Each structure stands twice: as structure tokens, then as C-alpha cells.
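Colleague: I am new to this structure and would like a close look at a single part of it. Please pick one part and follow its connections outward.

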Amino acid sequence: IGNAQRDVRAACSMSKRYAGKNQAPYWYADHPQWDTFLGEADRGFFVLGCMDLETAFAVPHAAMKPLLSSLHTTTNKRGTTYWHIHLIEHDAGLAISVPKSTPLDLNQFQIALS
């Protein structure tokens with residue numbers, strides 16, 4: 001999604017809640033073409049929706065980009081690699097899990113949907 005001037009862009013992804021043992025409650029994929037698309041705007045946002053919540057998280061590209069090299073990835077049969085975005089619950093709410101580093105707290109990026 002972008003505006004006519006192409007200076008504000010968003011890539012939106014949704015996740016249902018997962019309730020399995022030792023499983024992140026929300027999971028997303030972030031694709032290289034989305035990263036490129038968001039990086040070409042003055043203000044790019046990776047928007048994470050949670051199907052059972054009345055909020056979403058509009059994470060600025062500038063906050064996401066530094067995390068990508070630390071995230072887990074999958075390479076599919078076509079040779080395309082994408083990043084795994086796992087949200088975890090912590091005292092303050094939800095955060096992006098960053099392996100071997102501090103989670104990125106999402107409260108500052110929360111937007112109400114209702």
C-alpha cells in the first residue's frame with residue numbers, strides 16, 4: 001500500500017493466534033521485496049495484524065531493517081528467502097523476538113483498529 005507521492009508505504013501481514021506449547025502466539029513472514037518497497041519510501045511501515053486483537057502494530061522500516069540479519073529465515077524451493085517474524089508476550093505486551101538479542105517492544109507502534 002502506498003500514497004500517490006510514494007513517500008509513505010506499508011506492507012501489511014496478518015496472523016491468527018497460535019496456542020501450541022512453546023510456540024510464539026503470532027507468526028509472520030517478511031519478504032525481501034517488501035523490504036525493498038518500504039525502503040524506497042520516506043516513511044515505510046511493516047504493519048502486523050493479530051486476528052483476535054483490536055490493535056495492529058505499524059513498525060517503521062527504520063526499526064525493522066536492523067533486525068533482519070538476526071532473524072531466522074527459510075529458503076523455499078524456488079530459492080527465495082524470507083524472514084520469520086515471531087511475536088512473543090512479555091510484561092509490557094507483545095514484542096518481536098530477536099534471537100540472541102533483546103526483543104523489540106511493540107507498544108510504541110500500536111494502533112487501535114476500532
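Modeller: Cys50 is buried, at 3% relative accessibility (buried is under 20% relative accessible area, exposed over 50%, partly exposed in between, with a 1.4 Å probe and protein chains only). This is a predicted model, in which local features need pLDDT of at least 70 and side-chain atom pairs pLDDT 80 or more, while totals for chains, interfaces and linings use all residues. Residues are numbered from 1 along each chain as its sequence is written, and side-chain values use heavy atoms, without hydrogens and water.

Cys50 takes part in no disulfide, and the nearest cysteine sulfur belongs to Cys12, at 13 Å. A disulfide would need the two sulfur atoms within 2.5 Å, and a search of the whole structure finds zero of them. Cys12 itself is in no disulfide either. Unlike the buried Cys50, Cys12 counts as partly exposed, at 45% relative accessibility.

Strand β3 covers residues 43–50, and Cys50 is therefore part of that range. Strands are DSSP runs of E with at least two residues, helices runs of H or I with at least four, both numbered from the N terminus. Six of the eight residues of β3 are buried, so the strand is largely enclosed by the rest of the structure.

Two other strands pair with β3. Pairing takes at least two bridges found by DSSP. Strand β1, residues 8–15, runs parallel to β3 and is joined to it by eight bridges. In this pairing Val8 stands opposite Arg43 of β3. Strand β4 runs antiparallel to β3, with five bridges between them. Here Phe45 stands opposite Pro60 of β4. The two strands β3 and β4 make a hairpin, with four residues between them.

Next comes the nonpolar core. Such a core is a set of buried Ala, Val, Leu, Ile, Met, Phe, Trp, Tyr and Cys residues joined through side-chain atoms within 4.5 Å. The largest one has 22 residues, and those that touch the most other members are Leu48, Val59, Met64, Ile85, Leu87, Ile96 and Leu106. Strand β3 is one of the elements that give two or more residues to this core, alongside β2 (26–30), β4 (55–60), β6 (81–90) and β7 (93–96). Leu87 also reaches back to the residue discussed at the outset: with neighbours within four places in sequence set aside, its contacts (heavy atoms within 4.5 Å) include Cys50 and Leu48. Others in contact with Leu87 are Tyr26, Tyr28, Leu94, Ile96 and Leu106, among them.

Phe46 brings in a helix. A search of the whole structure finds one aromatic pair. Trp34 and Phe46 form this pair, with 6.0 Å between the ring centres and 45° between the planes, which is a tilted arrangement. Rings of Phe, Tyr and Trp (its six-membered ring) pair if their centres lie within 6.5 Å, and planes under 30 degrees apart count as stacked, over 60 as edge-to-face and the rest as tilted. Because Trp34 lies in helix α1 (residues 32–39) and Phe46 in β3, the pair ties together parts that are 12 residues apart in sequence. Phe46 is buried, with a relative accessible area of 1%, whereas Trp34 is partly exposed, at 26%.

The chain just before β3 holds a salt bridge, which means a side-chain nitrogen of Lys or Arg within 4 Å of a carboxyl oxygen of Asp or Glu. The whole structure has four of these. The side chains of Glu40 and Arg9 form one, at 3.1 Å from N to O. Glu40 lies in the loop between α1 and β3, and Arg9 in strand β1, so the partners are 31 residues apart. Glu40 is exposed, at 54% relative accessible area, while Arg9 is buried, at 9%.

Helix α1 has a salt bridge as well, between Asp35 and Lys65, with N and O 2.7 Å apart. Asp35 belongs to the helix and Lys65 to the loop between α2 (61–64) and β5 (73–75), so parts 30 residues apart in sequence are tied together. Asp35 is buried, at 10%, and Lys65 is partly exposed, at 43%.
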